Amino acid sequence: MNILQKEFYNRSPLEVAVDLLGKIVVRKLDGQIITGRITETEAYLASSDEASHSFKGKTPRTQSLFLDAGHAYIHSMHTQNCFDIVTESIDVPSSVLIRALEPLEGIETMKKLRGKEELKDLTSGPGKLCKALSVTRSLDGIDLTKDNSELFIIDDGFVVQSVVKAKRIGISKAKEHEYRFYIKDNIYVSKK
DNA sequence: AGGAAGATCTACT
DNA sequence: GTAGATCTTCCTA
């Protein structure tokens, strides 16, 4: 197994967002393994990005964004959770939001957690994938670079053929930037 | 203490 | 395509 290390994440979120496509999220849950390949991401910058949660400074909710590269930032949104990976140095609050996965292992568990049967409904959205992998705020701020973590990202050598760049979804500010990336022609994305 | 906004999802028309 | 559900966090008084 090839777990992505701090050096991978210690770069601009725009680069990390693209490079995370095709990588695999591994969730260890009660001895079970749930995995999914990342098909869609969005970058949130540390400064001059009004859509970023860190734009208005450090608050109890956003403190994980100020951790070092390779930590998790998990926040609640409406009735869901969203999962980000922190990029760049300590006190540089940038991150990459994981927006969609392609289910690989633990599909039965995901179906149970989601209450859905359709494969493409399991993890095709930021809130959906958190539910399918049982990612909750108790994992907020954990280190994603260790294999004894309950959550980490691996590289299995998969090569993404073609990446599509688009505008971010679901935000009301700074909508003009094309900071969203997804694997072309993949059906497990939240929206074309 | 109250209210509004938010990186969403689901169901229904 | 649009509306409604629903909950946590933060700002203001």
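**Close-up views of a predicted protein–DNA model**

**View 1. The residues near DNA strand C, sorted by class.** In this predicted model, the surface near DNA strand C is made up of no nonpolar residues, 4 polar residues and 2 charged residues. The residues that surround the strand are T59, R61, S76, H78, T79 and R137. Of the atoms of DNA strand C that come within 4 Å of the protein, 88% belong to sugar and phosphate.

**View 2. Polar contacts to DNA strand C.** Two of the contacts shown here reach phosphate oxygens of the strand, one through the side chain of R137, where a polar atom lies at 3.0 Å, and one through the backbone of R61, where an N or O atom lies at 3.4 Å. A base is also approached, for a polar backbone atom of H78 is 3.4 Å from a base oxygen of DNA strand C.

**View 3. The surroundings of DNA strand B.** There are 19 residues around this strand, and those that come nearest are H53, D84, R114, G127 and G170. Sugar and phosphate make up 49% of the atoms of DNA strand B that come within 4 Å of the protein. When the residues of this surface are sorted by class, 6 are nonpolar, 8 are polar and 5 are charged.

**View 4. Secondary structure elements facing DNA strand B.** At least two residues of the surface near DNA strand B come from each of β3 (72-77), β4 (80-87), β5 (94-105) and α4 (126-132). The largest share, 3 residues, is supplied by α4.

**View 5. Polar contacts to DNA strand B.** Phosphate oxygens of the strand lie 3.3 Å from a backbone N or O atom of P126 and, in another contact, 3.3 Å from an N or O atom in the side chain of S172. A base nitrogen of DNA strand B is 3.5 Å from a polar backbone atom of A51.

**View 6. The environment of P13 in helix α2.** P13 is part of helix α2, which covers residues 13-20. With a relative accessible area of 2%, P13 counts as buried, because that value falls under the 20% limit used for buried residues. Apart from neighbours within four places in sequence, the residues in contact with P13 are A43, Y44, L45, T87, E88, S94, S95 and V96. For a sense of scale, the C-alpha atom of P13 is separated by 17 Å from that of F152, a residue 139 places away along the chain.

Technical notes:
Residues numbered from 1 in each chain as written. Chains lettered and ligands numbered in written order. Predicted model: local features only at pLDDT ≥ 70, side-chain atom pairs only at ≥ 80, totals over all residues. Heavy atoms only, no water. Near = heavy atom within 4 Å. Polar contact = N/O pair within 3.5 Å; in protein donor to acceptor, adjacent residues only side chain to side chain. Helix = DSSP H or I, 4+ residues; strand = E, 2+ residues; numbered from the N terminus. Nonpolar A, V, L, I, M, F, W, Y, C, P; charged D, E, K, R; others polar. Buried < 20%, exposed > 50% of the residue type's maximum accessible area, 1.4 Å probe, protein only. Contact = heavy atoms within 4.5 Å.
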